[in-house]
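Notebook open, coffee poured. I wanted to look up a strand, an arginine and some salt bridges, and jot down what turned up.

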Amino acid sequence: RQTATPDCDASCRLASTSSEWKTSWEDTENAASRVCWGCDGHPWSREVLYVRSVWQAIHSEQLPIRAVSQRTNLWSVPCPRGVELRARGARCLAGHFAYSVLCFFRWMGEGNEAYGLLNLESAMDLSWLVQNSSCREDWGFTPAEVAENYERILSSVWHLHKGVPERWLPVHGPPSCSRPRPPEPQELPPAEPPAHRMRVMCMVLTVYPAEEERMSAVVDTYAPLCDSLVFLTASTAPSEFRGYLVLDLRKLFKTLRPDPFPDIIGGPGLRVDNHALHNTIEKTLRSFEWAASLLKGLDTKPDVICRLDSDTMFFPPNLLRIMHCRNFSSDVPWALGHENYLHKHQEPGHAFLSGGNGICLSRAAVELVDENVKSGEVRESAEPGHWNSGVCVSVPGHWDDVVFGVCLARFGIPVSRWGTDCLGRTLFWPHPLEQALPSPGKIEPQKVPPKVSWFHAPEDESQVRQDPRFANYYHWRYRSWQHFACSPQHWIGDYPVSFHPYRDGQKTRQF
């Protein structure tokens, strides 16, 4: 279901969360025999001419994106209100690629940005396939042009929170893996280096005593590499653990729910379907609020504050490497981590940073979070289901990273794209290391799309969670731009900042 539109009310959102998976996982395997993958059976020539006429009008007249539909009569194109199901073999996927681009312009012209972006996503799904076909130049809109504009829109809408740019730009050249990005707001000119070595503060969310072994593993591994580290709980705990501060946040925030106990929620794994028992959303918000209060009393302040899980494997020097190489300023609000797009086309409708890999905010961003908390911009609710309401809300539940993504957008804090390097490799790796290396479970993109599109999840999640295809599906969902022109040996960068999850203390130390 498409839930990221104003038409979807509370009942619609509730229905979307309980609806069954819409397609069979086996469709991925059967796709090649059901549709035309190349240029055989090319759509009618008049369709090609029409698409080319739209492309020519855009570039020769320099039409704004929202003016293309009226100028070229796109109202007559029967565009889907969401994701196109590519179930018909009568038309080739190259035609579907061009069709999706037209539908992007049609919906944008009608003021429906959500439907427009969904159709652009469908086109990006097919870009690699069309780029490697003999008819990639036939339609005017080449895969390289679509990919370049897709990335511009990705940065503007999902990272800078500014909306779709005014114009569609011509392609700069052939596809290239190592492609430059415009400087982000926090990137200072090379002539203005930071006045000091950047400092990292680590906040580790933990449950005491259930996660005491994980706390020990943190102390034995990356804790000494943080400029400061604190364990944050909502349970009774000693004030110090092996030389590091332990803070029970309930002493400062009286309404914070206590940490759930293992015997309540099913044992040491701390996994449960009843989100009313979790306090992670509240805990994350309160952690940054506490950090802002701490900053006010410090003479030497950290430049970046990272909220980490107890099973995060973290490498502060590699975070500092990004900040120094890109000349980041901590006086500008920014957020950095593993950029996750799973919810950008459904409620709550924003990109977010995966909590397990760490959510790192600049000092200015932490102060901006605190300002919004103090001004009442964070809503309070006792209903766990309100996590996907599209507002920054403190509720019971475990979807803290998704909710915090909404908060970042509402507060105007840009989400940096430097969680992925220039070669399309991930620097905040949301898996154990072995899934980046040659093995049956290696995470790598499937270049050929399934029959129905990557918007559809496996039919029965519980049966396939251990299947490598399942992890691949969720890792690469909405990330076709990342591997469109890149094919590195490994999809993890040379200087990774974090891995997740590492729940076994012994394995963490060995790693």
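My entries follow, beginning with the ground rules.

**Ground rules.** I am working from a predicted model, where local features need pLDDT of at least 70, side-chain atom pairs count only at pLDDT 80 or more, and totals for chains, interfaces and linings use all residues. Residues are numbered from 1 along each chain as its sequence is written, and side-chain values use heavy atoms, with hydrogens and water left out.

**Entry 1: strand β1.** I started with β1, residues 200-205. Helices (H or I, at least four residues) and strands (E, at least two) are DSSP runs, numbered from the N terminus. Is β1 buried or exposed? I found six of its six residues buried, where buried means under 20% relative accessible area, exposed over 50%, and partly exposed in between (1.4 Å probe, protein chains only). One side carries Val200, Cys202 and Val204, the other Met201, Met203 and Leu205, and both faces are covered.

Next I checked the neighbours; two strands pair if DSSP finds at least two bridges between them. With β5 (residues 304-309), β1 pairs in the parallel sense over six bridges. With β2 (residues 228-233), the pairing is also parallel, over five bridges. I used Leu205 as a marker: Asp309 stands opposite it in β5, and Leu232 is its bridge partner in β2. I also noted that β1, helix α8 (residues 212-220) and β2 make a right-handed β-α-β unit. Right-handed here says that, with the strands pointing away from the viewer, the path from the first strand over the helix to the second runs clockwise.

**Entry 2: Arg363.** I found Arg363 in helix α12, residues 363-374. Arg363 counts as buried because its relative accessibility is 13%. What does its side chain reach? I get the backbone oxygen of Pro302, at 3.4 Å. The contact list (heavy atoms within 4.5 Å) leaves out residues up to four places away in sequence, and has Leu295, Lys301, Pro302, Asp303, Ile305, Ser330 and Asp331.

**Entry 3: salt bridges.** How many salt bridges are there? I count 28, taking a salt bridge as a side-chain nitrogen of Lys or Arg within 4 Å of a carboxyl oxygen of Asp or Glu. I wrote up three of them.

Arg509 and Glu213 come first in my notes, with the closest N and O atoms 2.8 Å apart. Arg509 lies in helix α17 (residues 505-510) and Glu213 in helix α8, so this pair ties together parts that are 296 residues apart in sequence. Arg509 is partly exposed at 33% relative accessible area, and Glu213 is partly exposed at 43%.

Then I looked at Lys283 and Asp259, whose closest N and O atoms are 2.9 Å apart. Lys283 sits in helix α10 (residues 280-296) and Asp259 in the loop between β4 (244-248) and α9 (262-265), so the pair ties together parts 24 residues apart in sequence. Lys283 counts as buried at 3% relative accessibility, and Asp259 counts as buried at 2%.

Last on my list is Lys296 with Asp370, closest N and O atoms 3.5 Å apart. This pair links distant parts of the chain, Lys296 in helix α10 and Asp370 in helix α12, 74 residues apart. Lys296 is exposed at 62% relative accessible area, whereas Asp370 is buried at 5%. Through shared partners, salt bridges join Arg286, Glu289, Lys296, Asp370, Lys374 and Glu380 into one network.

How values were computed
A polar contact is a pair of N or O atoms within 3.5 Å; within protein, one must be able to donate a hydrogen and the other to accept it, and residues adjacent in sequence count only if both atoms are side-chain atoms.
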